[in-house]
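Visitor: Please take me through a single part of this structure in detail, beginning with its pocket and following the connections from there into the interior. I would like a careful account rather than a quick summary.

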Amino acid sequence: MSVGGRAAARADLGLAARGRPPGRAPHRPATGTIGARGAQGAPGGAAGGPAKGNEGLTHLAYLYDNEPDYLSYLSAFAAAGLRNAGPVFVAVPGHRAALLRERLGGESPLVRYGAMTETGRNPARLIPELRAFLDEHAGRRVRYIGESIWPGRSEPELCEATRHEALLNLAFASAAVTIVCPYDVTGLPASVVGRAQRTHPVIVRHGRTQPADRYAGRGVVPAECERPLPAPPAEAEVIGYETSLREVRDLVARHGAALGMAPDAITNLVIAAGEITANTLRHTGAGGTLWVWHTGAEIICQVRDQGWIADPLAGRRRRAPEDSGHGLWVVNQVCDLVEIRTSQAAGTVIRLHLRREGA
């Protein structure tokens, strides 16, 4: 399993059991500036000139029409890095990872291939994976191909992958990395491709590299991906909690068992729901509400409380074992998707998705 996947969470489960918080900060303004613009660039250099040495982030959306162009552009991008002894990380879905590997020829200690359809199923796992690769190659400029948005993803997955694309600008603002994010313009909805113009400082299309005139700024998520989540269905089981979480954990475990989920999957869901609800009790002055329901493909838990998560990168930074704030990290490792809507005015809603076996 690739770095940042569920296997990476095993060492953290003991921390989850002890109830470390995931960075909840109710009724306290966020620090830092999210709206500043990020650096611009292209595979061979920035829009205003070449990226030199180990200067900061270069982040491009590559809009492609067909597979031959895709393979030609991305293999050339990777090969250019390898010619300069630069490390390259390739994380794309489906069969194209094998095709790019064949184009690049042989095995190189400078190239790593990620399991995008596994690790990237929950896009919140991707920033820690890239951070680990950068840390392994400290002092060197890295090239990264990350296709987190591909045809066939659900709308919630597409929104969370768009959030990931926006947060790359924040997480790696000063990092020595050039990131290319491919977008299939023939297979994706036009609205999804349009979001790339707001989450990437630079766009590449038909061999032309130019600044994105609609770029929203560092860490700014498109508004349609910040809309309130749809209400839970009427048949969802619901419980309030104020002082004890035993009933919460029992409800989640019973629901999973009734669906015939594997014991380890039930354990993961109980850990995730327990972490989120425990933080309600630690960091807010009131209780919260938990809903549990299922579809043909997955089981879903939703927690609502009056707290506020101030850090947009909460759960996407791996902290030292002695530090607090591991909870949301662990939740991201064990869940297939995590949706968060949070504000000082409205509080926080966190929706946890776990796929059912065989779905």
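Guide: A pocket here is an open set of points on a 1 Å grid over the protein atoms, where a 1.4 Å probe fits and protein lies on both sides within 12 Å along at least five of seven lines, and its volume is the space filled by probe spheres set on those points. The model is a predicted one, and in it the largest pocket comes to about 520 Å³. Its lining consists of 25 residues, and those lying nearest the centre are Arg163, Glu226, Ile309, Pro312 and Thr342. Three elements each supply at least two lining residues, namely H6, helix H10 (327–334) and strand E11 (337–343), and E11 has the largest share with six.

Helix H6 leads from the pocket into the interior, since besides helping to line the pocket, H6 (155–171) supplies residues to the largest nonpolar core. That core has 35 residues, of which Tyr144, Phe172, Val177, Ile179 and Tyr183 touch the most other members. At least two core residues come from each of strands E1 (58–64), E2 (88–91), E4 (142–146) and E5 (177–184), and from each of helices H5 (126–136), H6 and H7 (190–199), while H6 makes the greatest contribution, six residues. In soluble globular proteins, nonpolar side chains tend to be buried together.

Tyr183 shows how these pieces meet: beyond its neighbours within four places in sequence, its contacts include Ala61, Tyr62, Leu63 and Tyr64, together with Glu165, and also Val192, Val193, Ala196 and Thr199. Apart from this core lies another, of 31 residues, including Leu245, Met261, Ala272 and Leu354.

Helix H7 deserves a closer look, because seven of its 10 residues are buried and the helix is therefore largely enclosed by the rest of the structure. The buried set holds Val192, Val193, Gly194, Ala196 and Thr199, and also the two arginines Arg195 and Arg198. Among what covers the buried residues of H7 are E1, H6, E5 and strand E6 (202–205), so H6, which also contributes to the pocket lining, takes part in that cover as well.

For the wider setting, 55% of the 359 residues count as buried, and of the contacts between residues at least 6 apart in sequence, 75% join residues at least 24 apart. Cys181 counts as buried because its relative accessibility is 1%, as does Cys225 at 0%, and a search of the whole structure finds zero disulfides.

Technical notes:
Residues numbered from 1 in each chain as written. Predicted model: local features only at pLDDT ≥ 70, side-chain atom pairs only at ≥ 80, totals over all residues. Heavy atoms only, no water. Disulfide = S-S within 2.5 Å. Buried < 20%, exposed > 50% of the residue type's maximum accessible area, 1.4 Å probe, protein only. Core = buried A, V, L, I, M, F, W, Y, C linked by side-chain atoms within 4.5 Å. Helix = DSSP H or I, 4+ residues; strand = E, 2+ residues; numbered from the N terminus. Contact = heavy atoms within 4.5 Å. 1 Å grid on protein atoms, 1.4 Å probe; cavity = no way out; pocket = protein on both sides within 12 Å on 5 of 7 lines; lining within 4 Å.
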